Amino acid sequence: MTFEVAEVRALEILDSRGRPTLRVAVRLADGSSGAAGVPSGASTGSREAVELRDGDPARYAGAGVTRAVAAVDGEIADVLTGRAWPSPAAADLALIDADGTPGKARLGANAVVGTSMALARAVAAARGVPLWRHLNPDGVRPSLPMPHFNVLNGGAHAPNPLDFQEFMVAPLGAPSLPEAVRAGAEVYAALRRILTAEGHATGLGDEGGFAPALVEPEEALRLLVRAIDDAGYARGRSGVSIALDPAASEFRGEDGVYRVAGAMLTSDDLVERYAALVAEFPIHSTEDGVAEDDDHGWTALTERLGDRVQLVGDDVFVTDPALIEDAAARGTANAALIKLNQIGTVTETLTALDVCRRTGFGAMISHRSGETTDAFIADLAVGSGCGQLKAGAPARGERVAKYNRLLELAAAHPDLPFAP
Ligand code: PGA
Ligand code: ZN
């Protein structure tokens with residue numbers, strides 16, 4: 001549908017880590033409006049779209065976003081206002097063109113993605129449909145995603161010695177979204193009781209998972225399995241299963257050697273370690289098991305475990321449709337993590353999801369470690385029908401905002417299938 005943009009405004013707000021980010025608001029000529037909060041990662045892929053930060057050490061240690069705000073209020077508003085747009089995709093393409101750099105570095109990927117998300121909301125309002133319906137491509141069946149709850153944090157998201165970044169639980173056996181949310185929260189509560197009983201700290205990492213001073217990934221996995229048992233669920237596909245995001249780019253040295261709990265591992269060693277973990281624990285998915293630039297490791301990992309385990313690429317694909325397409329053609333990995341701000345517009349994100357659908361790749365929509373209470377990704381997961389969402393722990397406002405939005409949609413639309 002054709003629409004006209006009347007106003008685009010941004011504001012510098014705080015994200016869940018207390019760092020500045022943007023809130024962007026778009027108003028259309030017909031009075032419809034939409035706003036969006038921009039997320040921000042910590043363990044970023046080297047080919048991600050680039051945030052524009054002020055670099056002024058006198059404000060927020062250089063992390064201020066007043067230049068990105070100015071880009072929205074100035075150049076971006078100039079591009080979008082004063083003409084009719086045939087579709088949101090046309091407006092997104094104009095933003096990409098106006099920026100003119102591969103990583104959206106000039107206007108700032110944070111400025112561009114916030115505008116693109118707010119615009120999607122405004123156009124959905126103008127169409128009189130909820131965001132998830134607006135984001136639902138023709139011929140694609142919407143569905144409620146399987147939530148992946150990050151209950152134990154390490155890596156770049158916590159100050160503990162644990163090298164693996166995320167230990168998630170996914171209630172694969174749950175009959176419905178509300179029962180899956182309940183299982184996630186009950187396992188999280190059981191894990192807290194176990195940690196407390198064993199004298200571990202129960203402070204939280206950036207994504208709301210506990211961050212005890214564990215060292216070996218096996219210690220964390222043993223605690224997770226106990227928490228699943230204690231909460232009264234079966235382990236694995238008929239109950240609650242485990243997903244890992246080691247975020248291996250973060251613990252691979254310049255020398256190409258991985259460092260896990262003090263041990264030096266080649267990519268082949270690391271792949272064997274995963275094979276052992278998968279044999280011992282109920283793990284259905286690993287993300288970034290090897291580093292983004294470790295081609296040999298990705299091939300070895302896929303050959304070793306690709307028939308049994310979902311192998312998700314995050315840093316290696318950075319939600320780039322061309323990189324996902326290429327990996328699918330070469331047969332490395334078998335799923336992609338999908339993050340709006342990694343690529344920078346809603347349109348490119350929808351294209352990445354389309355590539356996954358076409359190539360038979362799995363897709364998991366994801367939050368970032370720095371978040372706002374914006375639940376856009378919950379609607380994106382439902383509208384794209386991609387089947388999986390990770391949005392952190394079943395705790396902390398910016399994380400539960402996403403799960404609560406799913407609960408709302410599940411209640412309002414009993415006909416939506418759950419994780420088909
Ligand atoms: P990030 O972490 O948001 O800090 O990049 C999330 C992830 O690696 O999946
Ligand atoms: Zn990741």
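This report looks at the surroundings of ligand 1 and at one four-stranded sheet in a predicted model.

**Around ligand 1**

Start with the ligand. It has 15 residues around it. The closest are Ala-42, His-157, Arg-368, Ser-369 and Lys-390. Sorted by class, the shell holds eight charged residues, five polar ones and two nonpolar ones.

Where does ligand 1 sit? Its place is the second largest cavity.

Three contacts to oxygen atoms of ligand 1 are set out below.

| Residue | Part of the residue | Distance to an oxygen atom of ligand 1 |
|---|---|---|
| Ala-42 | backbone N or O atom | 2.6 Å |
| Ser-43 | polar backbone atom | 3.0 Å |
| Glu-287 | side-chain N or O atom | 3.1 Å |

On its own, ligand 1 has 270 Å² of accessible area, and the protein covers 100% of that area. Note the atoms in the table. Ala-42 uses a backbone atom, and so does Ser-43. Glu-287 uses an atom of its side chain. Ala-42 is also listed among the closest residues to the ligand.

**The sheet**

Now turn to the sheet. Strands of a sheet pair through backbone hydrogen bonds, in a parallel or an antiparallel way. Here the sheet is open and has four strands. Their order is 3-2-1-4, and the pairing is antiparallel.

Which strands lie at the edges? They are strand 3, residues 33-37, and strand 4, residues 84-85. Each of these pairs on one side only.

Walk across the sheet from strand 3. Strand 3 is joined to strand 2, residues 20-28, by five bridges, and the two run antiparallel. Within this pair, Ala-25 has Ala-35 in strand 3 as its bridge partner.

Next come strand 2 and strand 1. Nine bridges hold this antiparallel pair together. Val-8 stands opposite Val-26 in strand 2. Strand 1 and strand 2 also form a hairpin, with five residues between them. Gly-18 lies in the turn and has a positive phi of about 80 degrees.

The last step leads to strand 4. Strand 1, residues 3-14, pairs with strand 4 over two bridges, again in the antiparallel sense. Here Glu-4 has Ala-84 in strand 4 as its bridge partner.

Terms used
Residues are numbered from 1 along each chain as its sequence is written. Chains are lettered from A and ligands numbered from 1 in the order in which they are written. This is a predicted model: local features need pLDDT of at least 70, side-chain atom pairs count only at pLDDT 80 or more; totals for chains, interfaces and linings use all residues. Side-chain values use heavy atoms; hydrogens and water are left out. A residue is near a molecule or strand if one of its heavy atoms lies within 4 Å of it. A polar contact is a pair of N or O atoms within 3.5 Å; within protein, one must be able to donate a hydrogen and the other to accept it, and residues adjacent in sequence count only if both atoms are side-chain atoms. Accessible areas come from the Shrake-Rupley method with a 1.4 Å probe; for residues, only the protein chains shown count as cover. On a 1 Å grid over the protein atoms alone, a cavity is a set of points where a 1.4 Å probe fits but cannot get out, and a pocket is an open set with protein on both sides within 12 Å along at least five of seven lines; lining residues have an atom within 4 Å of a point. A molecule sits in a cavity or pocket if more than half of its atoms lie within 2 Å of its grid points. Ala, Val, Leu, Ile, Met, Phe, Trp, Tyr, Cys and Pro count as nonpolar, Asp, Glu, Lys and Arg as charged, and the others, Gly among them, as polar. Two strands pair if DSSP finds at least two bridges between them.
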